[in-house]
Amino acid sequence: MSDIDEEGKWIWTDGTSENIKPGFWCSGEPNDYKDHRFKGEDCGALWNEDDCQMEWNDVDCQVSLTFICEKEIKCNTVQN
Ligand SMILES: [Ca+2]
Ligand SMILES: [Ca+2]
(Lines give C-alpha, C1' and ligand atoms only; values in the text may rest on other atoms or scores of the structure.)
(Ligands and ions follow the chains in the order given, each with its own letter.)
Protein backbone atom coordinates (compact mmCIF):
# COMPACT_ATOMS: atom_id res chain seq x y z
CA MET A 1 0.00 0.00 0.00
CA SER A 2 1.10 3.52 -0.64
CA ASP A 3 0.23 7.19 -0.26
CA ILE A 4 2.60 8.24 -3.03
CA ASP A 5 -0.18 9.78 -5.16
CA GLU A 6 -1.76 11.81 -2.36
CA GLU A 7 -0.03 12.29 0.97
CA GLY A 8 -2.04 10.69 3.76
CA LYS A 9 -4.42 8.85 1.43
CA TRP A 10 -3.36 5.21 1.71
CA ILE A 11 -4.42 2.76 -0.97
CA TRP A 12 -3.55 -0.81 -1.87
CA THR A 13 -1.86 -1.62 -5.17
CA ASP A 14 -5.31 -2.46 -6.62
CA GLY A 15 -6.46 1.13 -5.97
CA THR A 16 -8.81 0.30 -3.09
CA SER A 17 -8.54 1.41 0.51
CA GLU A 18 -10.53 -1.43 2.03
CA ASN A 19 -9.51 -2.33 5.59
CA ILE A 20 -6.82 0.33 5.91
CA LYS A 21 -7.59 1.34 9.47
CA PRO A 22 -5.74 3.60 11.91
CA GLY A 23 -5.46 0.80 14.49
CA PHE A 24 -3.09 -1.21 12.33
CA TRP A 25 -0.36 1.45 12.37
CA CYS A 26 2.44 1.37 14.90
CA SER A 27 2.25 4.18 17.41
CA GLY A 28 3.38 7.44 15.79
CA GLU A 29 3.02 6.07 12.26
CA PRO A 30 2.56 6.89 9.47
CA ASN A 31 4.95 9.79 10.04
CA ASP A 32 6.19 10.48 6.47
CA TYR A 33 9.68 10.84 7.97
CA LYS A 34 11.99 13.23 6.14
CA ASP A 35 15.65 14.08 6.57
CA HIS A 36 18.64 14.93 4.40
CA ARG A 37 18.45 11.49 2.72
CA PHE A 38 14.71 10.80 2.61
CA LYS A 39 12.06 13.02 1.07
CA GLY A 40 9.24 11.29 2.92
CA GLU A 41 7.85 7.80 3.36
CA ASP A 42 5.14 6.65 1.00
CA CYS A 43 5.15 2.84 1.13
CA GLY A 44 3.54 0.74 3.84
CA ALA A 45 5.38 -2.12 5.51
CA LEU A 46 4.87 -4.56 8.34
CA TRP A 47 7.33 -3.49 11.01
CA ASN A 48 8.77 -5.57 13.82
CA GLU A 49 11.28 -3.35 15.54
CA ASP A 50 11.45 -1.24 18.68
CA ASP A 51 7.89 -0.72 19.91
CA CYS A 52 6.28 -2.07 16.73
CA GLN A 53 5.23 -5.69 16.86
CA MET A 54 4.19 -6.58 13.31
CA GLU A 55 2.33 -3.32 12.94
CA TRP A 56 2.35 -0.99 9.97
CA ASN A 57 5.00 1.63 9.35
CA ASP A 58 5.44 3.92 6.38
CA VAL A 59 8.93 3.62 4.89
CA ASP A 60 10.89 5.04 1.98
CA CYS A 61 9.80 3.21 -1.16
CA GLN A 62 13.43 2.44 -2.06
CA VAL A 63 13.86 0.22 1.02
CA SER A 64 14.11 -3.46 0.06
CA LEU A 65 11.88 -5.71 2.13
CA THR A 66 10.22 -9.06 1.63
CA PHE A 67 6.68 -8.82 0.37
CA ILE A 68 3.38 -10.63 0.09
CA CYS A 69 1.42 -11.01 -3.13
CA GLU A 70 -2.32 -11.44 -3.38
CA LYS A 71 -3.65 -13.85 -5.95
CA GLU A 72 -7.24 -14.48 -6.93
CA ILE A 73 -8.26 -18.11 -6.66
CA LYS A 74 -10.62 -19.39 -9.31
CA CYS A 75 -12.52 -22.59 -8.72
CA ASN A 76 -14.05 -24.70 -11.46
CA THR A 77 -17.44 -26.29 -10.87
CA VAL A 78 -17.65 -29.95 -11.78
CA GLN A 79 -21.03 -30.91 -13.23
CA ASN A 80 -22.29 -34.49 -13.22
CA1 LIG B 1 3.73 9.59 2.82
CA1 LIG C 1 7.53 5.83 9.22
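Which residue in β2 is the bridge partner of Gly-44? The partner is Asp-58, and this pairing is a good place to begin a walk through the chain. The model is predicted, so local features need pLDDT of at least 70, side-chain atom pairs count only at pLDDT 80 or more, and totals for chains, interfaces and linings use all residues. Residues are numbered from 1 along each chain as its sequence is written, while chains are lettered from A and ligands numbered from 1 in the order in which they are written.

The protein chain holds zero helices and two strands. Both terms refer to DSSP runs numbered from the N terminus, with helices being H or I of at least four residues and strands being E of at least two. Strand β1 covers residues 43–49 and strand β2 covers residues 52–59; the two run antiparallel and are joined by seven bridges. For two strands to count as paired, DSSP must find at least two bridges between them. Besides the pairing of Gly-44 with Asp-58, Leu-46 in β1 has Trp-56 as its bridge partner in β2. In a regular strand, side chains alternate between the two faces of the sheet.

The hairpin of β1 and β2 has two residues between the strands. Asp-50 lies in this loop, and its phi is positive, at about 55 degrees, although the residue is not a glycine. Most residues other than glycine have a negative phi, and most peptide bonds are trans. Asp-50 counts as exposed because it has 9 C-beta neighbours inside 10 Å. The classes used here rest on C-beta atoms placed from the backbone: a residue is buried if 20 or more other C-beta atoms lie within 10 Å of its own, exposed if 12 or fewer do, and partly exposed in between.

The segment before β1 offers several further points of interest. Asn-19, which is placed in this segment, is another residue other than glycine with a positive phi, near 65 degrees. Asn-19 is exposed, since 7 other C-beta atoms are found within 10 Å. Pro-30 also lies in the segment before β1, and the peptide bond that joins Glu-29 and Pro-30 is cis, with omega about -5 degrees. Pro-30 is buried because 21 other C-beta atoms lie within 10 Å. Leaving aside neighbours within four places in sequence, Pro-30 is in contact with Trp-25, Glu-41 and Asp-58; contact here requires that the C-beta atoms of two residues, placed from the backbone, lie within 7 Å. Asp-58 is also the bridge partner of Gly-44, so the opening pair comes back into view at this point. From Pro-30 to Cys-61 the C-alpha to C-alpha distance is 13 Å, with their positions 31 residues apart in sequence.Gly-15, Pro-22 and Gly-23 are found in the segment before β1 as well. Gly-15 counts as exposed because it has 7 C-beta neighbours inside 10 Å, and the C-alpha atoms of Gly-15 and Met-1, 14 residues apart in sequence, are 8.9 Å apart in space. Pro-22 is exposed, with 8 other C-beta atoms within 10 Å; the C-alpha atoms of Pro-22 and Glu-70 are separated by 22 Å and are 48 residues apart along the chain. Gly-23 is exposed, with 6 other C-beta atoms within 10 Å. Gly-23 and Trp-56 are 33 residues apart in sequence, and their C-alpha atoms are 9.2 Å apart in space.

Turning to the chain as a whole, the C-alpha trace spans about 65 × 25 × 25 Å along its principal axes. The radius of gyration is 16 Å, whereas a compact globule of 80 residues would have a value near 12 Å. This radius is taken over C-alpha atoms, and the globule rule is 2.2 Å times the number of residues to the power 0.38. Buried residues make up 12% of the 80 residues. Of the contacts with a separation of 6 or more, 41% are accounted for by residues 24 or more positions apart.
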